[in-house]
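Welcome! Let us take a friendly walk through a protein model, one step at a time. Have a look at the picture, and then read on.

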Amino acid sequence: ELVAEVEDLSQVEVEAQVLENYLDYVKPGEPARVELAALPNQLFVGTVTTIVPKADERSRNFPVKIRLQNKFDAQGVPVIKSGMFARVWLPVEKRESVLLAPNDAIVMGGPQPMVFVADRTSPGSADAVVRPVPVQLGSAFDSGLEVIADGLTAGQELVIEGNERLRPGQAVRIVAASRGEAVVKPAAPAQSQ
């Protein structure tokens, strides 16, 4: 007799339906961005684990399974719960180029996702001023998330650490990170004598 059923929600599996003419673009091991209707201010990127080789007979869609790490609230309760509605973004078209931003550069929680661009005060200076740029998120790639935004171009420096606490126009100092990417940190306040 079954007394209780226990689920391990440290990792969850999302199933998306992919049209057959897009199936060639989806490969196991590739990243996929997942939006959860119940958690609109959180960013989730999972990995395609399985492409079921049998289509639904009516829709002609193929089930694609994506695994992602769950997040936990302060009480240790998983934020993704079984049965939540999800929307999955997969790279299902060939494009010559897309603008990518590191996952850590994306700031969620406002009316729209955004990144903070660090504009250097002079060429070669480590001092910069930040400005927010609202973005639309596209597909996930190994090297980051596709971002679409006016005023955002390749090569701009984006804040990847501490960006949740920044304000527009705030002064920051750019430092090298151990993994070879630029990390932007708030500038130390001036000391009064």
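In which sense do strand β2 and β5 pair, and over how many bridges? The pairing of β2, which covers residues 31-36, with β5 is antiparallel and runs over 4 bridges. If you would like a spot to find on screen, go to Glu35, whose bridge partner in β5 is Arg87. Keep in mind as you look that this is a predicted model.

Now let us step back to see where this pair belongs. There are 5 strands in an open sheet, and their order is β1-β4-β3-β2-β5. The pairing in this sheet is antiparallel. At its edges you will find β1, residues 11-19, and β5, residues 86-89, each of which pairs on one side only. From one strand to the next, the twist averages 40 degrees.

With the order in mind, we can cross the sheet from β2. On to β3, which spans residues 44-51: β2 pairs with this strand in the antiparallel sense, over 4 bridges. Here Arg33 is the residue to look for, as it stands opposite Val45 in β3. Moving on again, β3 and β4, the strand of residues 61-69, are joined by 4 bridges in the antiparallel sense. Along this pair, Ile51 has Val64 of β4 opposite it.

Next comes some empty space. How much space lies in the largest pocket? The answer is about 340 Å³. This pocket is lined by 18 residues, and those closest to its centre are Val88, Trp89, Leu90, Val92 and Ser139. Several strands contribute to the lining: β1, β5, β9 (136-141) and β10 each supply at least two residues. So we meet β1 and β5 again, the edge strands of the sheet. As for the character of the lining, 10 of its residues are nonpolar, 3 are polar and 5 are charged.

Our last stop is a loop, the one that lies between β10, residues 144-148, and β11, residues 171-176. Gln170 has its place there. Is Gln170 buried or exposed? Gln170 counts as buried because its relative accessibility is 15%, and the cut-off for buried is under 20%. The side chain of Gln170 also has a partner to look for: it reaches the backbone nitrogen of Arg167, at 3.1 Å.

Definitions and conventions:
Residues numbered from 1 in each chain as written. Predicted model: local features only at pLDDT ≥ 70, side-chain atom pairs only at ≥ 80, totals over all residues. Heavy atoms only, no water. Pairing = 2+ DSSP bridges. Axes fitted to C-alpha atoms, helices over the stretch in contact; angles between N-to-C directions. Buried < 20%, exposed > 50% of the residue type's maximum accessible area, 1.4 Å probe, protein only. Polar contact = N/O pair within 3.5 Å; in protein donor to acceptor, adjacent residues only side chain to side chain. 1 Å grid on protein atoms, 1.4 Å probe; cavity = no way out; pocket = protein on both sides within 12 Å on 5 of 7 lines; lining within 4 Å. Points joined across faces, edges and corners; volume = space filled by probe spheres on them. Nonpolar A, V, L, I, M, F, W, Y, C, P; charged D, E, K, R; others polar.
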